[in-house]
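Here are some friendly notes to read alongside the model. Keep the sequence and the 3D view open and look up each part as you go.

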Number of protein chains: 2
Amino acid sequence: MAPLTAGNRRPVRLADIAKAAGVSHGTASNVFSRPEIVREEVRERVKAAAEAMGYGGPDPKGRLLRAGKVNAIGVATAEPLSYFFDDPFARVMMAGISQACDATGAGISLVSAANSEQLAWNIQSALVDGFIVFCIEGGSRLVELARERKLPFVALDLDSEDGSVAAIGVDNIAGAGLAARHLTDLGHRRFAVLALPFADGRTGLISPEELRAAAYAGTRDRLTGYFRELSRVGIDTSTVPVYETANDAASTKAGLETIFASGEPPTAILAMSDRMALATLEWLSARNLSVPGDVSVVGFDGVPEGAVSEPPLTTVAQPIAEMGRLAVKAILESDGQVRRQQLPVELIVRGSSAPPAG
Amino acid sequence: MAPLTAGNRRPVRLADIAKAAGVSHGTASNVFSRPEIVREEVRERVKAAAEAMGYGGPDPKGRLLRAGKVNAIGVATAEPLSYFFDDPFARVMMAGISQACDATGAGISLVSAANSEQLAWNIQSALVDGFIVFCIEGGSRLVELARERKLPFVALDLDSEDGSVAAIGVDNIAGAGLAARHLTDLGHRRFAVLALPFADGRTGLISPEELRAAAYAGTRDRLTGYFRELSRVGIDTSTVPVYETANDAASTKAGLETIFASGEPPTAILAMSDRMALATLEWLSARNLSVPGDVSVVGFDGVPEGAVSEPPLTTVAQPIAEMGRLAVKAILESDGQVRRQQLPVELIVRGSSAPPAG
DNA sequence: GTGCCACTTTGGATCGATTCAAACATAGGT
DNA sequence: ACCTATGTTTGAATCGATCCAAAGTGGCAC
């Protein structure tokens, strides 16, 4: 007498409705997916049965299997989920992605995880039609995981030169060159560089040989861009301190302590991200060093916060939202081709850069 | 001779691997889901076959149907998707949701849509274990849609008194009371109220009868809270202008134009959201009215932006992130019970409020 | 040689829908 | 009465996996 008690909560299936209404499951299905081809009387009868039995409409789980398409794209990172809502760069990127998804009616699934084992599982079991992979730290593993799903995917801001993965990025060498050139044109000759990670999990001053061994092509390219311009005006780049941070305020400030502790301080700081540049403004202000009076600072990224900082930040702007939009397009219109797109960057001169005092 | 050509891209299924490796599909399945129970030699053979045939692991679409659980929760709103990344309130809420999801390993699916037909479809077909519904504009329709899915769901900040839906909110009457009491205690007697929508799609000054007919309980409750405190000090609340906005900068500024155009301007403005309050600070500053010198402003919500505005905003803070965390908990631990939780609010006094000049 | 147990493997049933060719009905034309 | 055209309904096949009861395989003790 068990299965008839009130507590029996077996969910109602389409087949149950069909039986109750005395029609085949094929017809019942049509009532929901193509009501116009079902005779009105029957349609009403089926709908009534559904209503009476508390049927919530065809379960997408079932439909999905048949249809194949999820109609959602996954956005993956190795950071915690809150990264998507906290980080300025990510937010602008997500806004671009959102816009493209809205336009096509696709949903967004955020895929991420606290630990890396969970992450692997989450990527393997994500119900999506494709992945957009945010390559910050640990990008290569993420890319590997995404590739194994054999779904269309595109890497954003990929720090690798692996030509076999689709990627959307910017011309880092040219962008960094713009920043450095701007400062040398202003007359600066004493520089320091705040670098993004060259490889996973280390920070500190970097030596030339470590530099050449850099795992992350993006970081290396930006440095190359900087150094190329500095060399043009005769600066010995081996004397320019390059401090590798974890792209957060704490390690940036540690880097600044190091840089300003020794010898003649720089008159200009090249930061490979706006995040570091903004942390630098804070640190300098706390040390009563004026920007751009004592020190000029140039960032990289072009996040909205840079426009309202004190002073506003001179930076190399990436077309972040556009990159997001293109990524969605690449996934949805994927034809199996691997494409690598490189977008232009733009130097935005604001208040954080000026000729050196001396 | 069609199906044998090279272009034939029928995806590889687990069954294909099984056949290729000469084992049953049951065993092939075990190789991926419980490798430890399969003899090593067989396991390797199957894995090799998978590798050779380009099999990307068991398709979650298939697994899903059997398992029933998606391991993702849907967050729905009637706004465009970018709302999640732009709006300060939403972002803090999403940060709370993210945190709770990270802790349990659940994913987040953003459900939304440009037009309302698409929205209905998206909710009906979202692959999620439950919904968190953001009730801003059009909340009731959203709730209805979510309810029809017969999945656990909880409404956040619900503007309705429908006791049959689970909801997490704050004590709007008490919170608004705190704001008004703060200002009356400072000595203010001339007020204006910037209200959230009372019903869908209208803005403008509101009359007492419209007020009573308000569809949105949250808005009504906040106004009730304001008026109760104003009455306590003998203010005739029917003389207090109440301007209904769409909770954006444009309609807020329109409201301020109206309010300041007629008769004696208020010395204090009660805004039902920080968004309106911040827009008000901007508008007043553009009009060369000083805050809190000429006008005091008190917001509602407690978004981070309020702490760094000029001047910093006095406001009634909701435990936004905590609400998000609780919502996730409510979904994941759903036992079919409908629970309504009301969280406490807190008055945060900052620089935008002071005694009136006169 | 037989019995028992542990370890593997098998194959059918199941999850919840959609699809489509074929069967069926009804009405109109000749 | 027969045929055709049109409009509905049926039911088997399919989507891609997991689960599980039952069967198979060895090894070891008696």
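**Notes on the model**

1. Start with a sheet in chain A: seven strands form an open sheet in the order β7-β8-β6-β9-β10-β11-β13, with mixed pairing. The strands at its edges are β7 (204–205) and β13 (346–348) of chain A; each has a single partner strand, so one side of each is left without a neighbour in the sheet. Two strands count as paired if DSSP finds at least two bridges between them. Helices (H or I, at least four residues) and strands (E, at least two) are DSSP runs, numbered from the N terminus.

2. Before going further, a word on the source. This is a predicted model, in which local features need pLDDT of at least 70 and side-chain atom pairs count only at pLDDT 80 or more, while totals for chains, interfaces and linings use all residues. Residues are numbered from 1 along each chain as its sequence is written, and chains are lettered from A and ligands numbered from 1 in the order in which they are written.

3. How confident is the predictor in chain A? The mean pLDDT (the predictor's confidence in each residue, from 0 to 100) of chain A is 91, and 96% of its residues reach 70 or more. Residues 1–8 of chain A stay under 50, and the model has one contact beyond four places in sequence for them. Here, two residues are in contact if their C-beta atoms, placed from the backbone, lie within 7 Å.

4. Back to the seven-stranded sheet of chain A. Within it, β9 (residues 268–271) and β10 (residues 296–301) of chain A pair in the parallel sense over three bridges. Leu270(A) has Val298(A) in β10(A) as its bridge partner.

5. Another open sheet has twelve strands and mixed pairing, in the order β12(A)-β5(A)-β4(A)-β3(A)-β1(A)-β2(A)-β2(B)-β1(B)-β3(B)-β4(B)-β5(B)-β12(B). Its edge strands are β12 (340–343) of chain A and β12 (340–343) of chain B, each pairing on one side only. The twist averages 20° from one strand to the next.

6. Which strands join across the two chains? Three bridges link β2(A) to β2 (residues 107–111) of chain B, and these strands run antiparallel. Look for Leu110(A), which stands opposite Ile108(B). Inside chain B, five bridges join β1 (residues 72–76) to β2(B), this time in parallel, and Ile73(B) stands opposite Ile108(B).

7. The chains also touch beyond this pair of strands: 39 residues of chain A and 39 residues of chain B take part in the contact. On the chain A side, the elements giving two or more residues are α4, α5 (83–86), α6 (88–104), β2 (107–111) and α7 (116–124). The largest share, seven residues, comes from α6(A). That side divides into 18 nonpolar, 14 polar and seven charged residues; Ala, Val, Leu, Ile, Met, Phe, Trp, Tyr, Cys and Pro count as nonpolar, Asp, Glu, Lys and Arg as charged, and the others, Gly among them, as polar.

8. Now turn to the DNA. Around strand C there are 26 residues, the closest being Arg13(A), Ser29(A), Asp59(A), Gly62(A) and Gly26(B). Around strand D there are 25, with Gly26(A), Arg13(B), Ser29(B), Asp59(B) and Gly62(B) coming nearest. A residue is near a strand if its C-beta atom, placed from the backbone, lies within 6 Å of it. For DNA strand D, α2 (25–33) and α4 (60–67) of chain A and α2 (25–33) and α4 (60–67) of chain B each supply at least two residues. The surface near DNA strand C divides into ten nonpolar, nine polar and seven charged residues, and the surface near DNA strand D into ten nonpolar, eight polar and seven charged.

9. Finally, some backbone details to find. The peptide bond from Glu310(A) to Pro311(A) is cis, with omega near -5°, and Pro311(A) lies in the loop between β10 and β11 (314–317) of chain A. In chain B, a cis peptide bond joins Glu310(B) and Pro311(B), with omega about -10°. Asn247(A) has a positive phi of about 60° although it is not a glycine; Asn247(A) sits in the loop between β8 (242–244) and α12 (249–261) of chain A.

Conventions: Axes fitted to C-alpha atoms, helices over the stretch in contact; angles between N-to-C directions.
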